[in-house]
Amino acid sequence: LGKDWQDEYYIWDCAAGTGNLLTGLTNKYNIWTSTLDKQDVDVMKDRIKNGANLLENHVFQFDFLNDDFSKLPKPLKKIIDDPKKRKKLVVYINPPYAEASSYGRDSIPLVANETKIFNQYKLSVGAEALNELFSQFFIRIYKEITGCILASFSTPKFITSEKFIKFRFNFKAKYIKGLVCKANTFDNVKGHFPIGFLIWYLSIKDEIKQVSTTIYETDKILSSYRKAGIKKFDSSLNTSIKSWRSSFYLFGENPIGYMIIVGPSMQSNNNTFYTNQPVQSYIKKGMVANIEYGNIIEMSIYLAIRHSITTTWLNNKDIFLHPNDNWQKDKKFQSNCLTFTLFHSQNKISSNGGTNHWIPFTETEVNAQEKFDSNFMTKFINGKIKIEQKADLINGKKITRSKKIKFSSEAKEVFDAGCELWKYYHAQANCNVNASLYDIRAHFQGRSAKGRMNNKSKDETYMKLIISLREKLKILAKKIEPKIYKYRFLKI
C-alpha cells in the first residue's frame, strides 16, 4: 500500500481481542479497534494508560457478527458510509477459527450457526462455509463494507475447499500479496495446519483462481522467521477425488474388506483405512465402501496416494482431485500401490473380523503351521482368479481370468521384508495361522489399558523386521509420489 500507508489509510480491527495485532502501528488517529467482550476493551484501555499507541475513544465493544453498524463510533461510521473513504479502509483482523460442527477435535457445536450473519447469508453463500466463524467476518466485510481492503489471518480453506464453492462465487476480489505460517505460531492454537495472512482489494471483483504465498518458517538457531519458498493454493473448480472414488464403488454381498471414506483433503488422511469390521457410526454416516475383486486395484491406488505423502502443516489443506486417465495404462504404478496397501499400517484388516483374504504369501513361503482359510490374495496376484461376468442372453455367463501382476524391484523388496516378518510370526508358539499384518503387529506390540496398539514391542527381532518393512515402504512411497502429481491426484 506504499511507504506512508498508515497516514493514507484507515485501519479497523473488528476482532481485536486485547489489541495484539495493532502493536507496531504508528498513526493512532487512523486506527479503530473493537472486540466482543467488554473485559478485552478494558484491557486495551488499560494498555493505553501504559503507553499503547491507541486513542481511548477509538476502542469500543462491538459484536461484529450480530450488532448493527449504527452502533459504531461516528467517525468510523462516516468512513464506512463514504464510498471514497471506504476504499481507503483496511479491515485488519485475526478472526476466531472456531467451527460449528458436531464432530472433530477442533469443533464446537453451535458456536457459529446462531449468529445474525449466519442466518442472513447462509442461503446465498452456503451454510457449510458459514459454519466457520472467520468466513462470517469475511462475508459481512465483503457485503457491507463494500470496496474496502481486507487484510486477514485465516486458514486457506476458503480458497481450496469444496464447501466454499458457493462462498467463492459470492466473494470475488483481487489478491494483492500474502504469506503462510504454521498455525501453532499463534498462542492457544494447537492445530497442525497453515495460517495465511492474505491481503485483498475488495473493490476489484476478480474470480479467485490461484493464490501464491510466501512460506515463513521458524529458524530455531536465530530464534526468528525465515522465508522458505512459495506455497500456492488453487481455487479452480477441479472435481475432487470423491467423484473418481465413487466411480468404482461395488455393492456385492461378499466384500473382502471395507474402506473408510472421508473428506478429500490431506488433513483427513489419518481417517482413511481398510477394515473388515466397520463400526456402526461409520456405516450410519455412509463412510464405508466395499472392497471387492473388481475394484482392488482402484481401492489400493486410493489408499496408497493418501498415505505415501506425509501430511504436514503446509499441505494439510491440499485437496485430492479426480485424476486424468493416464494411470490406467501404468501397470507399474498400479502394482506399486497394491504393494503399498498390502503392507501399510492403515490396512487394518483383521482375522478377528472374519475371513482374512489379504495374506500376500502362500503357506509354504512363510512356513505356516496349517493351511490358510483363504488364499485369495496370492491367487489374485498370480492371475489365478476366475470371475463370472454378465454376457448376452444367448451365451450366458462369461468366465474371465485375471492376469499375473508384475512388480517393481522396490515392491519386491517390500514383499521380501514382509515375508521375513510373517515367517518370524509363524515360528511363534500358538500363532494364529490366518493372521493379517494388523494381527501380527498387535501380537508383538500389545495394547494399552485403553485398547490402543502400542508403538513398540519388547521383542528385538520383531522390531528389526518391522522397521525394515517400514523403511522399504518409504522407498516405495517415493516411487509412487511423483505419479500422484503426474496423474493429477494432487496439484503441486
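# Exercises on salt bridges, helix packing and backbone geometry

In this predicted model, the side chains of Asp 330 and Lys 483 form a salt bridge with an N to O distance of 2.7 Å. The exercises start from this pair.

## Exercise 1

Determine which parts of the structure the salt bridge of Asp 330 and Lys 483 ties together, and classify Asp 330 as buried or exposed.

Solution.

1. Check the pair against the cut-off: a salt bridge needs a side-chain nitrogen of Lys or Arg within 4 Å of a carboxyl oxygen of Asp or Glu, and the N to O distance here is 2.7 Å.
2. Locate the partners. Asp 330 sits in the loop between α12 (296-307) and α13 (331-343), while Lys 483 belongs to helix α17 (residues 460-486), so the bridge connects parts 153 residues apart in sequence.
3. Apply the accessibility limits: buried means under 20%, and exposed means over 50%. Asp 330 has a relative accessible area of 12% and is buried. Lys 483, at 22%, is partly exposed.

## Exercise 2

Describe the packing of α13 against α17 by angle and axis distance, and state which residues make the contact.

Solution.

1. Two quantities are required, because a pair of packed helices is described by the angle between the axes and the distance between them.
2. For α13 and α17 the angle is about 145° and the axes are 10 Å apart.
3. The handedness of this crossing of α13 and α17 is left-handed.
4. On the α13 side, the contact involves Phe 333, Asn 336, Cys 337, Thr 339, Phe 340 and Phe 343. On the α17 side, the residues are Leu 469, Leu 473, Leu 476, Ala 477, Lys 479, Ile 480 and Lys 483. Lys 483 thus appears in this contact and also in the salt bridge with Asp 330.
5. By class, the contact of α13 with α17 has nine nonpolar, two polar and two charged residues.

## Exercise 3

State how accessible Asn 336 is and which residues it touches beyond four places in sequence.

Solution.

1. Asn 336 is part of helix α13.
2. Its relative accessible area is 4%, which makes Asn 336 buried.
3. Leaving out residues up to four places away in sequence, Asn 336 touches Ser 408, Ala 411, Leu 476, Lys 479 and Ile 480. Among them, Leu 476, Lys 479 and Ile 480 are also listed on the α17 side of the contact with α13.

## Exercise 4

Compare the sequence spacing and accessibility of two salt bridges within helices, Lys 38 with Asp 42 and Glu 144 with Arg 140.

Solution.

1. The search of the whole structure gives 15 salt bridges. Lys 38 and Asp 42 form a salt bridge with their closest N and O atoms 3.3 Å apart. For Glu 144 and Arg 140 the N to O distance is 2.8 Å.
2. Lys 38 and Asp 42 are four residues apart in helix α2 (residues 38-49), which means a separation of about one helical turn. Glu 144 and Arg 140 are likewise four residues apart, in helix α7 (residues 133-144), again about one turn.
3. Lys 38 is partly exposed at 48% relative accessibility, and Asp 42 is partly exposed at 38%.
4. In α7, Glu 144 is partly exposed at 24%, whereas Arg 140 is buried at 3%.

## Exercise 5

Test whether the span of α12 agrees with the expected value, and determine how many residues of α12 are buried.

Solution.

1. α12 has twelve residues, with 17 Å between its first and last C-alpha atoms.
2. The expected span at 1.5 Å a residue is 16 Å, and the span of α12 is close to that.
3. Eleven of the twelve residues are buried, so α12 is largely enclosed by the rest of the structure. The buried residues include Ile 296, Met 299, Tyr 302 and Arg 306.

## Exercise 6

Locate Asn 367 and Asn 430, and classify the accessibility of Asn 367 and Asn 430.

Solution.

1. The phi angle of Asn 367 is near 55°, a positive value in a residue other than glycine. Asn 430 also has a positive phi, of about 55°, without being a glycine.
2. Asn 367 lies in the loop between α13 and α14 (376-381). Asn 430 lies in the loop between α15 (409-426) and α16 (437-445).
3. Asn 367 is exposed at 54% relative accessibility, and Asn 430 is exposed at 78%.

How values were computed:
Residues numbered from 1 in each chain as written. Predicted model: local features only at pLDDT ≥ 70, side-chain atom pairs only at ≥ 80, totals over all residues. Heavy atoms only, no water. Helix = DSSP H or I, 4+ residues; strand = E, 2+ residues; numbered from the N terminus. Buried < 20%, exposed > 50% of the residue type's maximum accessible area, 1.4 Å probe, protein only. Axes fitted to C-alpha atoms, helices over the stretch in contact; angles between N-to-C directions. Left-handed = near helix turned anticlockwise from the far one by under 90°. Contact = heavy atoms within 4.5 Å. Nonpolar A, V, L, I, M, F, W, Y, C, P; charged D, E, K, R; others polar. Expected span 1.5 Å × (residues − 1).
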